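Thanks for making the time this morning. I would like to go through one model with you, beginning at a single residue and working outwards from there.

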Amino acid sequence: MSELSPFLIYFAAALAAACVRGLPRQLLLLATPVAAGLYLWLGLTPGTDVTYTLMNYELTVLRTDKLSLLFGYLFCIASFFAGIFSLHVKDTKQHVAGMMYAGSALGAVFSGDLITLFIFWELLAISSVFLIWARGTERALRAGMRYLVYQVLSGVLLLAGALVYHHNTGSLAFDHIGLDAGIAGWLIFIAFGIKCAFPFLHSWLTDGYPEATVTGTVFLSAFTTKVAVYALARGFAGEEIMVYIGVTMACFPIFYAVIENDLRKVLAYSLINQVGFMVTGIGIGTALALNGAVAHAFSDVIFKGLLFMSMGAVLYRTGNINGSDLGGLYKSMPKTTLLCIIGALSISAFPLFSGFVSKSMVMTALMQENHGYFWLLMLFASAGVFHHAGIKIPYFAFFHHDSGIRTEEAPRNMLIAMGVAAALCIFIGSQPQYLYALLPWEVEYWPYDLTHVLAQTQLLFFSALAFVWLNKQGLYPPELRSVNLDAEWFYRRLVPAGAQHTLALLRRMKETMLKTLTAHMQSVKNEFGKSPMATYHLSESWPTGSMVFWISAILAAFLLLDISGLGR
Amino acid sequence: MSEGQEKIHFFDRPANVERLLKGFYAICILLALGDFVAHRHIGFDWERIPAFYALYGFVACVLLVLIAKQMRKILMRGEDYYGDKSGNE
């Protein structure tokens, strides 16, 4: 049994990566996730607790059980392929930020109390924003700032919630919290909800992720939302409100994804949609649903990473990621095309691919709990996923009309990274027993039976048929260079416009008031000028100097009177 | 840009696209017929409708796209709406 918390491996590696260049740094990028993964697999057993006492607070920096270990393995895998994908990058700050970010995610899932969780929660925010800023554009800089504001707000709410929770219960332990914990429960719930991209709190994700660097988005897509999913599964399992939130999250982004032009933004919307399935599973709260939620987080990190990597490769090679400008790239990037299609099949939950074995658990749980209408909505969302992520992404980037862009195949390191992720998608999808063995709750489930496979294949093939039909009829909306209004409109447009409007109003009010006042004064003066008083000697305008002179004269007279004793 | 003598790729030939689509339609028909041959477990009553999943998938996606198209009328703005045009060159 060991006392070393795995985040330390990453933090040490980040420090080392800041000091070396070239091959040693590349080796570090590859070795760190492998070392951390092996350590988790071999060195840690469920049930380890490492606690420190700091200023009367008991802080648990390492708490291992099947739930935290599952996310631990997942984050090691994600940082492994994201590391390979970014091997060609020379920018030191991106590598350091990536390592710190992955380490913070590990720190967060292994923390056993709310204060430790808060510290890693904020480290996640601070380390990840550099992956957006590293893009170097003015636009990325501003998007990063807005992203950071949201993330820090989430941290502040978490800290406030933790303190109220400690005040009320005398405990800081991060176990089931529940909304019954009153204001503390709600504060922590909203803090988790922001990082989990709940509806109306989601715009940092769709705003920030598409602005990050080619490799940064791969890191971003893996960690923040999944740490939040973990935190919700740990703290709020079975809260019914999450079923409503999750279904909303699964449904509304697919409409945006259909009309969005930036293909990485399409993937960002699709990320919210997938997290919706996880949140729903956590809300249902049965063993099968919770297993489904965390299993889906596991497969999602891998297939969403694969999709972001393939779009990253396109952006890297062509300098463009707008659906309106791409097309026909299968001619120059056939391997990337194939790997992207594997990611697309996985996210769409085709049988034998990873999405199928995890999403079907949530769907079955909805059915078992008799949530008929939610089940229909989620089925709609499943069909929608295939439509926007499964078909739209590969179709508009690699096929569609020939854009005339001729480029090279993605660099070898990118192909290897995508290959690793694709192999995992197929492995998990076709051999789900290995993933199921890692799941925290005890429940028997097997996805491959005739009913499931037939139903899912029908759903997907006829969704594809709808795409073909709409295209043939010319009904499919063309990709247009545009911005679609979303929740960010409130703070990017309404609030600034409102503030400007208010300022302008105040300025006008000040001017009118001054004008009326001066006019009034003038008229009083004029009136006075007409009166007989105006001719009186003292009412003429005198220089200030003469007034000072006369006041001094009067004071001097008083002084003289006082000295001579006449005033008493 | 293309250099005159560029290789003709698979989907450059309309016949290939046609062939692919025909195969796809055939699979769709077989899948829909599968419902009448195979026996599915039923969880909800609406699953008893023949080819329920096929119909639902098709209708859902058509609705999704048509509604999204209408959303464009309300939500779509110019690329420079927020005053920071896309970073893509």
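Let me begin with a question: is A:Tyr101 buried or exposed? Please keep in mind throughout that what you have in front of you is a predicted model. The answer is that A:Tyr101 is buried, because 29 other C-beta atoms lie within 10 Å of its own, where the cut-off for calling a residue buried is 20 or more. As for its place in the fold, A:Tyr101 sits in helix H4 of chain A, which covers residues 92-110. If we leave aside residues up to four places away in sequence, A:Tyr101 touches A:Leu124, A:Ser127, A:Ser128, A:Phe219 and A:Phe223. In that surrounding stretch there is also A:Ala125, which is 24 residues from A:Tyr101 in sequence, with a C-alpha to C-alpha distance of 8.2 Å.

Let me now step back to the whole of chain A, which has 20 helices and three strands. The radius of gyration of chain A is 32 Å, well over the 24 Å that the globule rule gives for 568 residues, and therefore chain A is more spread out than a compact globule. Taken along the principal axes, the box filled by its C-alpha atoms is roughly 115 × 65 × 55 Å. Buried residues nevertheless make up 54% of the 568 residues in chain A, and, among contacts with a separation of 6 or more, 81% are between residues 24 or more positions apart.

Next comes the contact between the two chains, to which chain A gives 52 residues and chain B gives 42 residues. On the side of chain B that touches chain A, the elements giving two or more residues are helix H1 (14-37), helix H2 (52-75) and strand E1 (76-77), and of these H2(B) gives the most, with 16 residues. Sorted by class, that side of chain B has 26 nonpolar, nine polar and seven charged residues. The chains also pair through strands: E3 of chain A, residues 483-484, is joined to E1(B) by two bridges, and the two strands run antiparallel. Within that pairing, A:Val483 stands opposite B:Arg77.

I will finish with confidence, starting with chain B, where the average pLDDT is 80 and 88% of the residues score at least 70. Among the elements of chain B, H2(B) has the highest mean pLDDT, at 89, whereas E1(B), the strand that pairs with E3 of chain A, has the lowest, at 81. For the model as a whole, ipTM is 0.87 and pTM is 0.87.

Technical notes: Residues are numbered from 1 along each chain as its sequence is written. Chains are lettered from A and ligands numbered from 1 in the order in which they are written. This is a predicted model: local features need pLDDT of at least 70, side-chain atom pairs count only at pLDDT 80 or more; totals for chains, interfaces and linings use all residues. Helices (H or I, at least four residues) and strands (E, at least two) are DSSP runs, numbered from the N terminus. The radius of gyration is taken over C-alpha atoms; the globule rule is 2.2 Å times the number of residues to the power 0.38. A residue is buried if 20 or more other C-beta atoms lie within 10 Å of its own, exposed if 12 or fewer, and partly exposed in between; C-beta atoms are placed from the backbone. Two residues are in contact if their C-beta atoms, placed from the backbone, lie within 7 Å. Ala, Val, Leu, Ile, Met, Phe, Trp, Tyr, Cys and Pro count as nonpolar, Asp, Glu, Lys and Arg as charged, and the others, Gly among them, as polar. Two strands pair if DSSP finds at least two bridges between them. pLDDT is the predictor's confidence in each residue, from 0 to 100.
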